[in-house]
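Subject: Structure handover

Hello,

Here is the structure I said I would pass on. My notes on it follow below the entry.

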Amino acid sequence: MLSTDFCTQLPEGPLAVAVSGGVDSLAALLLCLESGRPVLAIHARMFLAARDAAALEAASASEERLADTVTRLGAHFHLLDLRQRFEDAVVRPFVEAWHKGLTPNPCALCNRRIKFGALFEEAERLGAAALVTGHYARLDRNHPYSVAHPLLARAYDARKDQSYFLGLVEGERLSRVAFPLSSLTKDAVRFLVAERGLTVPQPAESQEICFVPRTPQGYRDFLGRYGADMSGGDIVEKDSGRVIGRHTGLWQYTEGQRKGLGIAWSAPLYVLGKDAATNTLLVGTREHTLVRRARVTAPSFMVPAEELPATCLVRLRYRQRPVQASVHADGEGMDIVCAEPLSLSAPGQVAVCYDEAGRVLAAGLLHSLA
């Protein structure tokens, strides 16, 4: 039996487990049940209205299988309808960011506003002492900073670590949160569930944005429903300032992209930026894709700004190796200066600052890079 020690530092009372139907949340549910504490499983219905008829039918069937599995395991199943709140708090800000030429990160926003926002609040309303999820991240309760709550930290399995996507979550809520998969690998999680003879209600894992249809025209159709500009425009080369081609809609491009430009040039060209006001795509050669400086807005501090080390480890996008950087916080955001050049990230993505022990100290949205 795997350890259920994650429960020992949580407040007394029932545990609410966020269950999606995937193997990770099912494993978290099993570990909570094996702890001997009362368990409530909460499934949030979030984006069903944004999908086609076939996806709606599949999601409904998955919900039924999940409810049956939870009940057979001995936990109470609670269905929470967050569709309108998800639309207002995640989907529309995502679309608005695209309108501005940004490349938003809806998963980070969803974690803050929905999973550890609305769903967390519902767990409290139902009398749960804490919310448990299947995220791959750690909580460090023995850190050296002045805050009383635990600090989010990178998971032991670096390949599955999700601390980057959790960086915007309010730190105060982490005292009533647990991540029982923090020390497990994905293979260990799959084994845990299979060993108990369980079938995963929703075996397919989402690798893309959950509310955008997975079709060849998924992005175009989705953004078009919200009035996004699908028209083409000029492609401008940075060094010369010349118009060298036509793009087929800014929504199809992101900073750092190389393929799909359709332009013959003396050197490979990369997307450097998007100007939504003029519907212009800026491109340039590889040396222009390396950045050292970033301005971050809408910061979320896990520790007081004055306790940020002079040098942190910073990630400007997911899967990027953390690098040493100086971080200066002011009243409106943070300025980051990296010790080495990094591949270009996109405005709208999340920047996360860690200390040497892998604890998350602060995060925010990338506003500009240079």
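**Helix 3 and its surroundings**

Helix 3 has a bend of about 30° at valine 91, and proline 93 follows within four residues. Please keep in mind that this is a predicted model.

Helix 3 consists of 17 residues. From its first C-alpha to its last it reaches 22 Å, close to the 24 Å expected at 1.5 Å a residue. After the helix comes glycine 101, which has a positive phi, near 85°.

The buried residues of helix 3 are Phe86, Glu87, Ala89, Val90, Val91, Phe94, Val95, Ala97 and Trp98. Valine 91, where the helix bends, is thus listed among the buried residues. What covers these buried residues includes helix 4 (106-125), helix 6 and strand 10 (270-275).

**Aromatic pairs**

A search of the whole structure gives 10 aromatic pairs. One of them is formed by phenylalanine 86 and phenylalanine 211, in an edge-to-face arrangement with 5.7 Å centre to centre and 75° between the planes. This pair links distant parts of the chain. Phenylalanine 86 belongs to helix 3 (residues 83-99), while phenylalanine 211 is in the loop between helix 5 (186-195) and helix 6 (218-225), and the two are 125 residues apart.

Are these two rings buried or exposed? Phenylalanine 86 is buried, at a relative accessible area of 1%, and phenylalanine 211 is buried as well, at 2%.

Phenylalanine 211 has a further partner in phenylalanine 222. Their ring centres are 5.4 Å apart and their planes lie at 45°, so this pair counts as tilted. Because phenylalanine 211 is in the loop between helix 5 and helix 6 and phenylalanine 222 is in helix 6, the pair ties together parts that are 11 residues apart in sequence. Phenylalanine 222 is buried too, with a relative accessible area of 0%.

Which residues make up the aromatic cluster? Phe86, Phe94, Trp98, Phe211, Phe222 and Tyr226 form it together. Phe86, Phe94 and Trp98 are also among the buried residues of helix 3.

**Charges over rings**

Two arginines are worth listing separately. The charged end of arginine 138 sits over the ring of tyrosine 156, at 4.9 Å from the ring centre. For arginine 154, the charged end sits over the ring of tyrosine 354, at 5.0 Å from the centre of that ring.

Regards

How values were computed. Residues are numbered from 1 along each chain as its sequence is written. This is a predicted model: local features need pLDDT of at least 70, side-chain atom pairs count only at pLDDT 80 or more; totals for chains, interfaces and linings use all residues. Side-chain values use heavy atoms; hydrogens and water are left out. Rings of Phe, Tyr and Trp (its six-membered ring) pair if their centres lie within 6.5 Å; planes under 30 degrees apart count as stacked, over 60 as edge-to-face and the rest as tilted. Buried means under 20% relative accessible area, exposed over 50%, partly exposed in between (1.4 Å probe, protein chains only). A charge sits over a ring if NZ of Lys or CZ of Arg is within 6 Å of the ring centre and within 35 degrees of the ring normal. The expected span of a helix is 1.5 Å times one less than its number of residues. The bend at a residue is the angle between axes fitted to the seven residues ending there and the seven starting there. Contact means heavy atoms within 4.5 Å.
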